[in-house]
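Please open the model in your viewer and keep the selection tool ready. The stops below follow one another, each with something to select and a note on what is there.

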Amino acid sequence: MSLRDIIIALIVLVAGLHALRRPWIGVMLWTWVSTMNPHRYAWGFIATAPVAAFTVGVTLLGLVFTKERRSPFLGLPVVLLAIFVLWITVSWLMSHNVSDGYWLWNRSMKIFFMAFITLMLLQTKEHIMTFAWIMIGSLAILGAKGGAFTLATLGNYRVWGPPDTFIEGNNEFALALIIIIPLIHFLQLQVSRQAWRHILSIVMLLCVIAAFGSHSRGALVAIIAMSGVFWWRSPNKGVLAILFFIIAVAMLPMLPEHWWTRMQTISEYQVDASAIGRLNAWHVAWEVAKHELFGAGMSYQYPEYFFLYGQYETIVRAAHSIYFEILGNHGFIGLFLFLLIWITTFREAGWLMRNARGTPHTLWAAQLGAMAQVSLVGYAVGGAFLSLAYFDLPYNILIMVMLAKAWVISQDLKNQAVAVETGGVTPFSPHKKTGSTSK
């Protein structure tokens, strides 16, 4: 038994006991455990202990007895998510190998279930910001560690994610870091001390370095796309362009030759075995969806499908794409629902940008909406090359956006009530144009 095991066990136990009276603390504990997976970095009893199950159990017990809960259906993205979860379940039950897909279905359902619990329990700005700091900080710490490792080894070794998680692989971990970088900037905008802003700037830079140190080609494409959106949204485009140029000039020459060789294969997919395998897997996914209304279940990676529909080879390979993963697993209807979830979430983030920037009191929500959109662009582009459709980080972004919108609307209702009582002016209304007031 190591000291690390004892510390993690104490944190989980103490937070779990508090969650019985304040179940929102259980949500925070779940977010830390599911995002950072701290127990996977231990070597004793806690590494294999049912930490996640304990966290869910105490949170549900607290939920039963608390009165501070509400309906989780705060908007269209949540309704679509619920329909998507039902469709996934039907798809899995209609598959020809239900037992084989149970593990992934069970793992995904825990994530979706806790997403609805989170939407029920978190209501205040303090709840939302605590959730953001824990979720974003958990990955930011791992990213900073990976960036420091890349610098120390001059990029000669790949950076990997937490073991036995969705982001264990170098490609998956890189995409997670890319998604989290704009959200770190959101946190940076919320702190007042200059020292903390500098620290978070360093953390963002280390996350970028770690993403490059993963040697992921998809990550390179995603970070270019996300940087473009980030630049377009910035009020200081010239300064940001110079900063991007300085970082590139300083960092890229440090990367080893085999990193450049791997990146060059992006434009040479015709002779790259990995790229050909992905194209073949995408073709198989398309054909499975054409012939199976519900798709193949939780996975279409079965030899019979690849022997039947393989265009370039018959080797069974992962989809390496959130879109083709959902298409092959759950058919065209599943893909349609999946796309609608993220399109509507993107629009809700835009709603925050337009309607919450009118007053200093709600400005943080507008900043969250802006950075959430940048993160979703990173997920949309990078996810085109990775199988991360069930990864909980994007769904946590959905949660933050919907919680923030509900909070902004609640503030408007309070302001309207005060205005009615006093005959005064409401300082903010999300139903008006930005910066306007209702009289």
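**Stop 1: a nonpolar patch**

Select Phe65 to begin: with a relative accessibility of 68%, Phe65 counts as exposed, because anything over 50% falls in that class. The model is a predicted one. Phe65 sits in helix α3.

Now add Leu13, Leu17, Leu20, Phe54, Leu61 and Val64 to the selection; together with Phe65 they make a nonpolar surface patch of about 690 Å². Colour helices α1 (3-19) and α3 (51-65), each of which supplies at least two residues of the nonpolar patch. Helix α3 gives the largest share, four residues.

**Stop 2: the whole chain**

Zoom out and show the cartoon. The protein chain has 16 helices and zero strands. Of its 439 residues, 54% are buried. Switch to a surface view: the protein chain exposes about 20100 Å², and 67% of that comes from carbon and sulfur atoms. Contacts can be looked at by separation in sequence: among those between residues at least 6 apart, 75% join residues at least 24 apart.

**Stop 3: aromatic rings**

Show the side chains of Phe, Tyr and Trp. The structure holds 18 aromatic pairs. One of them is Trp286 with Phe332, an edge-to-face pair with 5.1 Å centre to centre and 85° between the planes. This pair links distant parts of the chain, with Trp286 in helix α12 (residues 273-291) and Phe332 in helix α14 (residues 322-355), 46 residues apart. Are these two rings buried or exposed? Trp286 is partly exposed, at a relative accessible area of 41%, and Phe332 is partly exposed as well, at 37% relative accessibility.

Next select Phe84, Phe112, Phe338, Trp342, Tyr379 and Tyr395, which ring pairs link into a cluster.

**Stop 4: charges over rings**

Select Arg107 and Phe166. Arg107 lies over the face of Phe166, at 4.0 Å from the ring centre. Then move to Trp351, where Lys405 lies over the ring face at 4.9 Å from the ring centre. Keep Lys405 selected for the next stop.

**Stop 5: salt bridges**

How many salt bridges does a search of the whole structure find? The search finds three.

Start from Lys405. This residue forms a salt bridge with Glu348, and the closest N and O atoms are 2.7 Å apart. Glu348 lies in helix α14 and Lys405 in helix α16 (residues 392-422), so the salt bridge ties together parts 57 residues apart in sequence. Both Glu348 and Lys405 are buried.

Go back to helix α12 and select Glu287 and Lys290. Their side chains meet in a salt bridge at 3.5 Å, N to O. Glu287 and Lys290 are three residues apart in helix α12, and therefore about one helical turn separates them. Glu287 counts as buried because its relative accessibility is 13%, with the limit for buried being under 20%.

Finish with Arg317 and Glu313, which form a salt bridge whose closest N and O atoms are 2.4 Å apart. Their exposure can be read residue by residue: Glu313 counts as buried at 17% relative accessibility, whereas Arg317 counts as partly exposed at 27%.

Conventions. Residues are numbered from 1 along each chain as its sequence is written. This is a predicted model: local features need pLDDT of at least 70, side-chain atom pairs count only at pLDDT 80 or more; totals for chains, interfaces and linings use all residues. Side-chain values use heavy atoms; hydrogens and water are left out. Rings of Phe, Tyr and Trp (its six-membered ring) pair if their centres lie within 6.5 Å; planes under 30 degrees apart count as stacked, over 60 as edge-to-face and the rest as tilted. Buried means under 20% relative accessible area, exposed over 50%, partly exposed in between (1.4 Å probe, protein chains only). A charge sits over a ring if NZ of Lys or CZ of Arg is within 6 Å of the ring centre and within 35 degrees of the ring normal. Patches are made of residues with over 30% relative accessible area and no salt bridge: like charges are joined within 9 Å, nonpolar side chains (Val, Leu, Ile, Met, Phe, Trp, Tyr) within 5 Å. Accessible areas come from the Shrake-Rupley method with a 1.4 Å probe; for residues, only the protein chains shown count as cover. A salt bridge is a side-chain nitrogen of Lys or Arg within 4 Å of a carboxyl oxygen of Asp or Glu. Contact means heavy atoms within 4.5 Å.
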